[in-house]
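This report describes one protein structure for a reader who is new to the subject. Please keep the sequence and the three-dimensional view at hand while reading.

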Amino acid sequence: MHRFYLPPGECKNEVICLTGREAHHALQVLRVRDKERLMVLDGAGGELLCEALAPGRDELRLKVVQRNSVAPLPYQLTLLQAIPKGKIIETIIQKSVELGVHRVVPLLSDRVTTQLDSESAAAKAEHWRQTAIEAIKQCGSAWLPTIETPLKPKDFLARGEKFELPLIASLQPDRRHPREYFKSFFKEHGRLPKTVGVWVGPEGDFTPAEMNAVKSAGFLPITLGRLVLRSETAAVYSLSVLNYELQAED
């Protein structure tokens, strides 16, 4: 069944309407026909089973047949990702969505070759949000992650944001296996953490100054194995391992 996306505010009525990019895809690419059934995701836990009404030229009206509500994961994973060169960040966002990430924070670290002004950063964030939308449509997730505007590591740290389990992928000798931190947290709290943040650096890792700043803010260094991983591999590896540990009680 074909899936489409509409923001929650546009999904309240019994007849809803696809316009713009979504309508073009439905009408010109998929050739959706009258009475054909499809799924609309609102990115906030809503799944709407719909029936196409007579397709128009630039819009597609849909009758809502059934509404389902999908509960969010019992934990929130935030990926703080140094932006790799080229379009690799799009692949990282796509795979992060498939792995149930709650938020992606793109980082302009010192070793990132791409540097953006505020206007370009906002445009990039919107483009990457569209990547996330396409990803939830592909994998069927009812929850759209937040894709933040790119910022420097020091600017994120200045927020003073806290996670129950703060982690950073590291190549330094003091790194530990993520499971050790999960065991320590469970021993202290009697449950698994509800919020986890993990930093993943660029090729060559974060600079020593950046690493020290992140660790000084309380983030704990974790190992991703014996081999040195590319940035995109490290992101997928980290989220996969963390999801496994966070679902240990399921």
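A residue is called buried when its relative accessible area is under 20%, exposed when it is over 50%, and partly exposed in between. By this rule C17 is partly exposed, because its relative accessible area is 23%. The model discussed here is a predicted one, and the values below are computed from it.

## Overall picture

The protein has 250 residues, of which 46% are buried. Seven helices and 11 strands are found in the protein. The C-alpha trace spans about 65 × 45 × 30 Å along its principal axes. How much of the contact pattern joins residues at least 24 apart in sequence? Among contacts between residues at least 6 apart, the share is 74%.

## Helix α3

Helix α3 covers residues 118-139, which is 22 residues. Does its length fall where expected, and what is the span between its ends? At 1.5 Å a residue the helix should span 32 Å, and its end C-alpha atoms are 31 Å apart, so the two values agree.

Several residues of α3 are buried: A121, A125, W128, Q130, T131, A132, I133, A135, I136 and K137. In general, an α-helix has 3.6 residues a turn, so residues three or four places apart point the same way. The elements that cover the buried residues of α3 include the strands β1 (3-5), β3 (37-41), β7 (103-107) and β8 (146-147), together with the helices α1 (20-29) and α2 (88-98). After α3 comes G140, which has a positive phi, near 85°.

## Two residues with positive phi

Most residues other than glycine have a negative phi. Which residues other than glycine have a positive phi in the loop between α1 and β3? R31 is one of them, with phi near 55°, and it lies in that loop. K35 is another, with a positive phi of about 75°, and K35 lies in the loop between α1 and β3 as well. R31 counts as exposed because its relative accessible area is 55%, over the 50% limit. K35 is likewise exposed, since its relative accessibility is 52%.

## The loop between α2 and β7

L99 lies in the loop between α2 and β7, and H102 has its place there too. Is L99 buried or partly exposed? At 24% relative accessibility, L99 counts as partly exposed, because the value lies between 20% and 50%. H102 is also partly exposed, with a relative accessible area of 34%.

Both residues meet parts of the chain that are distant in sequence. L99 and L242 are 143 residues apart along the chain, and their C-alpha atoms are separated by 9.8 Å. Neighbours within four places in sequence aside, L99 is in contact with V236, L239, S240 and N243. For H102 and L144, 42 residues apart along the chain, the C-alpha separation is 7.8 Å. With its neighbours within four places left aside, H102 is in contact with Q76, L77, P145 and T146.

## Cysteines

How many disulfides does a search of the whole structure find? The search finds zero. C17 is in no disulfide, and the nearest cysteine sulfur, that of C50, is 11 Å away. C139 is in no disulfide either, and the nearest cysteine sulfur to C139 is that of C11, 17 Å away. C139 is partly exposed, with a relative accessible area of 32%.

## Pockets

Rolling a probe the size of a water molecule over the atoms shows where empty space is left. The table sets out the two pockets.

| Pocket | Volume | Lining residues | Classes in the lining |
|---|---|---|---|
| Largest | about 410 Å³ | 21 residues | 14 nonpolar, five polar, two charged |
| Second largest | about 230 Å³ | 18 residues | nine nonpolar, five polar, four charged |

Which lining residues are the closest to the centre of the largest pocket? They are P72, L73, G100, V101 and W143. For the second largest pocket, the closest to the centre are L171, D205, L224, L229 and A234.

How values were computed:
Residues are numbered from 1 along each chain as its sequence is written. This is a predicted model: local features need pLDDT of at least 70, side-chain atom pairs count only at pLDDT 80 or more; totals for chains, interfaces and linings use all residues. Side-chain values use heavy atoms; hydrogens and water are left out. Helices (H or I, at least four residues) and strands (E, at least two) are DSSP runs, numbered from the N terminus. The expected span of a helix is 1.5 Å times one less than its number of residues. Buried means under 20% relative accessible area, exposed over 50%, partly exposed in between (1.4 Å probe, protein chains only). Contact means heavy atoms within 4.5 Å. On a 1 Å grid over the protein atoms alone, a cavity is a set of points where a 1.4 Å probe fits but cannot get out, and a pocket is an open set with protein on both sides within 12 Å along at least five of seven lines; lining residues have an atom within 4 Å of a point. Grid points are joined across faces, edges and corners, and a volume is the space filled by probe spheres set on the points. Ala, Val, Leu, Ile, Met, Phe, Trp, Tyr, Cys and Pro count as nonpolar, Asp, Glu, Lys and Arg as charged, and the others, Gly among them, as polar. A disulfide is a pair of cysteine sulfur atoms within 2.5 Å.
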